[in-house]
Amino acid sequence: MGKVTIYDIAEKLGVSTATVNRALNNKGRISPKTKKLVIETANTMGYTANKAAKSMARKTIRLAAVMACSFPEFDDKLIYGMNDAFNELRDFNVDFRIFKSDNSSAKNQLLTTEFLQSSLDTIIGGDFNGVIVFGARNCPEHIKALELAKQAGLTVATLVTDVPCDRDFHISPNGELAGRMAAQLLSLCGKNTPVAVFSGFSDIRIHNDTTRGFVEEAKAWGLELVGVFENKDNPEYTYENTRSILTSHPEIRGIYINSANSSAVCRQLHDMGLTDKVTVIASDLFPEMKSNLESGAVRATLYQNPHQQGFLALKYLYQTVSGEQIHGGDEFISPQIILRGNMDLFD
């Protein structure tokens, strides 16, 4: 076993790292019983470093996140996860700020180049140490912006969406696995069932991963793929596009929606009288999704656990910047199948 950290002690006892820090450094409110238990456990596990004390002697670590304004149902859970991680880091001389796009021009877009560049300029000029970027697209402007941030000395992490650049690490759902799971669920409708993928953006890695996984698995199960249709994660466009697609392809009997943009599809299916004729496999979980699961408009949804993604992104960013533990490469969160019968166990 490697060097014992306060995270190990916290996991062992089922308490927060903040509680462990208070006990080991004799600060803040903590019951004598809990304090005694933490100290005894730390001694038993061989904990020796006083990282909290060291952190107070160093310069404040400043971390940031640049967030798109796409779907609040998903985005807010990412933010909750990051804020929960920040709450555990408050005693470690850390500051955290979120730059969230909320202007109408960015609505229903993953991230505008202008907002990304201006946010990174502020972060670089504000003596920040690391940044998490959610919503980056695989385009030259975004790649260049992230590379300039790295050259300026920032630790850079991408969240959910990734781009081919020299970022330090990336966290996202396992898109290929989600696509394969969706295809296998639709295979229950029978061999040769005509199906379609309703995707978000063609230049988003996670959407391409889910589509690729679905297409490969659909072929293996003998499904008839009618097409992959890009909806640009815009509910208004998606509502009209769904009618156009189903009018042109009335044979479609199964749809996989690989982003949070499912409500507009379900509304159009209802308006066209097709809810009972087209099986929908969706993504994520939010209030309207629960209603659609309850009514049968959506048969299953693949949960991507945005809270966990946000939590790990900020935790890993801090650990990398502080030198406590270096994280690199990709970390994928396995999707979980949510049905009407088990949806109350999630979220």
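Tutor: A disulfide is a pair of cysteine sulfur atoms within 2.5 Å. In this predicted model, that rule gives a count of zero disulfides.

Student: Why is Cys 139 in no disulfide?

Tutor: The closest cysteine sulfur to that of Cys 139 belongs to Cys 165 and lies 11 Å away, which is too far for a bond. Cys 266 is likewise in no disulfide, for the nearest cysteine sulfur, in Cys 189, is 15 Å away.

Student: What makes Cys 139 count as buried or exposed?

Tutor: The relative accessible area of Cys 139 is 10%. Buried means under 20%, so Cys 139 is buried. Cys 266, at 4% relative accessibility, also counts as buried.

Student: How do you know that strand β3 is mostly covered?

Tutor: Strand β3 spans residues 130–134, and five of its five residues are buried. In a regular strand the side chains alternate between the two faces of the sheet. On one side of β3, Gly 130, Ile 132 and Phe 134 are buried; on the other side, Val 131 and Val 133 are buried. Both faces of β3 are therefore covered.

Student: Why are β1 and β3 said to pair?

Tutor: Two strands pair if at least two bridges are found between them. Strand β1 (residues 61–67) and β3 share five bridges, so they pair, in the parallel sense. Within this pairing, Ala 64 stands opposite Val 131.

Student: Which strand do five bridges join to β3, with the two running parallel?

Tutor: That strand is β4 (residues 155–159), where Thr 155 stands opposite Gly 130. The chain passes from β3 through helix α7 (residues 140–151) to β4 in a right-handed β-α-β crossover.

Terms used:
Residues are numbered from 1 along each chain as its sequence is written. This is a predicted model: local features need pLDDT of at least 70, side-chain atom pairs count only at pLDDT 80 or more; totals for chains, interfaces and linings use all residues. Side-chain values use heavy atoms; hydrogens and water are left out. Buried means under 20% relative accessible area, exposed over 50%, partly exposed in between (1.4 Å probe, protein chains only). Helices (H or I, at least four residues) and strands (E, at least two) are DSSP runs, numbered from the N terminus. A crossover is right-handed if, with the strands pointing away from the viewer, the path from the first strand over the helix to the second runs clockwise.
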